[in-house]
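Here are some notes for a colleague who is opening this structure for the first time. They take up one sheet and then the contact between two chains.

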Amino acid sequence: MSGRTCSSGHVVQAQKLVDQLRVEAGMERIKISLTAADLVRFCQDHRRSDPLLTGISASSNPFKDKKTCRLL
Amino acid sequence: MKMACKGLQTGETLSSLKRESESLRKKLEEERRKLADVELNQAAEKVEVVGALSIKTRRLLKGHGNKVLCMDWCKDKRRLVSSSQDGKVIVWDAFTLNKEHGVSLPCTWMMACAYSPSGCAVACGGLDNKCSVIPLSLDRNENLAAKKKSVAMHTNYLSGCTFTGSDMQILTSSGDGSCALWDVESGQLLQSFHGHTADVLSLDLAPSETGNTFVSGGSDRRSNVWDMRSGQNIQSFESHESDINCVKYYPSGDAFASASDDSTCRFYDLRADREVAVYQKDSIIFGASTVDFSLSGRLLFAGYNDYTINVWDVLKGTRVTCLFGHENRVSRVRVSPDGTALCSASWDNTLRIWA
């Protein structure tokens with residue numbers, strides 16, 4: 001009796017795995033040459049608004065020290 | 001006789017299922033291989049190199065008495081919350097270094113903390129297996145610990161938490177191997193996510209434009225992408241050679257990065273459904289614990305167990321620079337909401353703001 005419960009548990013697990021793999025196999029994938037181009041384009045489109053990349057002046061960055069005192 | 005027949009049927013079903021899962025796995029591998037027509041750095045050949053970065057420590061946040069395990073920025077780009085091993089949660093004004101709130105919780109190892117989108121509350125949790133929400137009071141004298149509200153209940157430690165875009169829902173990851181979505185008001189479990197076969201160590205919500213998905217990574221070396229509504233695991237990646245400590249989406253939502261104990265960080269393209277870059281160096285032999293992207297996605301900041309933060313060129317795969325300063329492991333790095341600064345939390349009991 002317990003042997004049967006044990007094997008049906010294995011079957012349930014195996015079925016779940018197959019179902020999961022079927023979901024993943026059914027996905028529509030795109031070539032890297034196309035997707036990579038989009039990743040590159042995103043970086044390029046946003047590079048000017050990336051302060052850590054381009055470095056912004058002390059006057060526009062609240063964390064950088066300014067020469068004059070600023071009353072908050 | 002009947003029992004023997006049943007046993008035979010189960011045996012046949014099991015082996016046919018095993019055969020099917022094997023063939024599906026092979027099909028998946030084949031599909032992914034077919035799409036790898038270029039390397040990411042080849043696609044980025046014509047992109048100009050990243051110029052010299054002038055990033056250094058601008059603020060040193062001292063106040064925790066023990067290892068700082070987590071931090072999160074407030075949407076106002078100046079406040080942040082941090083949590084530590086001794087159960088302390090502190091809300092800081094990063095401009096002035098003012099500690100605005102300090103809460104001592106009865107539980108040690110507060111491994112996760114998050115700021116609510118409204119800025120009116122913080123969430124935290126760790127070895128207490130819970131995620132609690134603490135409303136932030138304007139009254140400095142109020143005892144915040146007393147107003148703490150338990151929202152999430154796991155059966156093992158809380159490793160990560162995030163609000164999902166409003167103050168009303170929280171997404172959690174746990175050492176119990178699951179992730180879960182909770183209603184903050186009622187504490188009700190709205191959806192659970194099962195699939196990892198070991199501790200889940202990190203999660204990240206997709207940028208709002210991309211829709212209702214999130215990615216998780218764990219000790220089973222897998223990173224999984226989930227549909228928040230259905231609980232379905234829609235994509236899965238397995239290429240790291242050790243625990244995945246942190247996962248973070250690329251700002252467009254079309255990719256994510258992960259940091260692992262195998263001393264590499266990796267970049268996964270969600271539409272090609274595969275790993276497209278590995279950020280590694282022979283000289284880097286310590287585990288990577290945390291990653292975050294700069295606003296444009298060009299830079300990947302990664303914190304390591306050798307006390308450093310390596311800054312990677314996401315497109316070209318090279319290291320741009322290394323940030324030194326912490327005197328123990330870097331546990332968390334997060335770029336501020338407007339991209340002007342990077343905050344790092346460390347086992348040296350401090351946080352640093354880099355800009």
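**Notes on a sheet and an interface**

1. This is a predicted model, and a convenient place to begin is chain B, where strand S27 (residues 342-346) is joined by four bridges to strand S28 (residues 350-354), the two running antiparallel. Within this pairing, Cys343(B) stands opposite Ile353(B) of S28(B).

2. These two strands belong to an open sheet of four strands in chain B, in the order S1-S28-S27-S26, with antiparallel pairing. The edges are formed by strand S1 (57-62) and strand S26 (330-335) of chain B, each of which pairs on one side only. On average, and with direction ignored, neighbouring strands of this sheet are turned by 20° against each other.

3. Turning to the interface, 69 residues of chain B are in contact with 45 residues of chain A. The area buried between chain B and chain A is about 4,800 Å², and carbon and sulfur atoms give 69% of this area. Of the area that chain B buries against chain A, Leu17(B), Arg271(B) and Ser296(B) supply 13%, more than any other three residues.

4. How many salt bridges are counted between chain B and chain A? The count is four, and in one salt bridge the side chains of Asp38(A) and Arg271(B) meet at 2.6 Å, N to O. Across the interface of chain B and chain A, 16 residue pairs are found in polar contact, both residues being at pLDDT 80 or more.

5. Several elements of chain B each supply at least two residues of the side that touches chain A, including S1 and S28. Helix H1(B) gives the most to that side, with 15 residues. By class, the side of chain B that touches chain A has 36 nonpolar, 15 polar and 18 charged residues.

Definitions and conventions: Residues are numbered from 1 along each chain as its sequence is written. Chains are lettered from A and ligands numbered from 1 in the order in which they are written. This is a predicted model: local features need pLDDT of at least 70, side-chain atom pairs count only at pLDDT 80 or more; totals for chains, interfaces and linings use all residues. Side-chain values use heavy atoms; hydrogens and water are left out. Two strands pair if DSSP finds at least two bridges between them. Axes are lines fitted to C-alpha atoms, for helices over the stretch in contact, and angles run from 0 to 180 degrees between N-to-C directions. Contact means heavy atoms within 4.5 Å. Buried area is the accessible area (1.4 Å probe) that two parts lose on being put together, summed over both. A polar contact is a pair of N or O atoms within 3.5 Å; within protein, one must be able to donate a hydrogen and the other to accept it, and residues adjacent in sequence count only if both atoms are side-chain atoms. Ala, Val, Leu, Ile, Met, Phe, Trp, Tyr, Cys and Pro count as nonpolar, Asp, Glu, Lys and Arg as charged, and the others, Gly among them, as polar.
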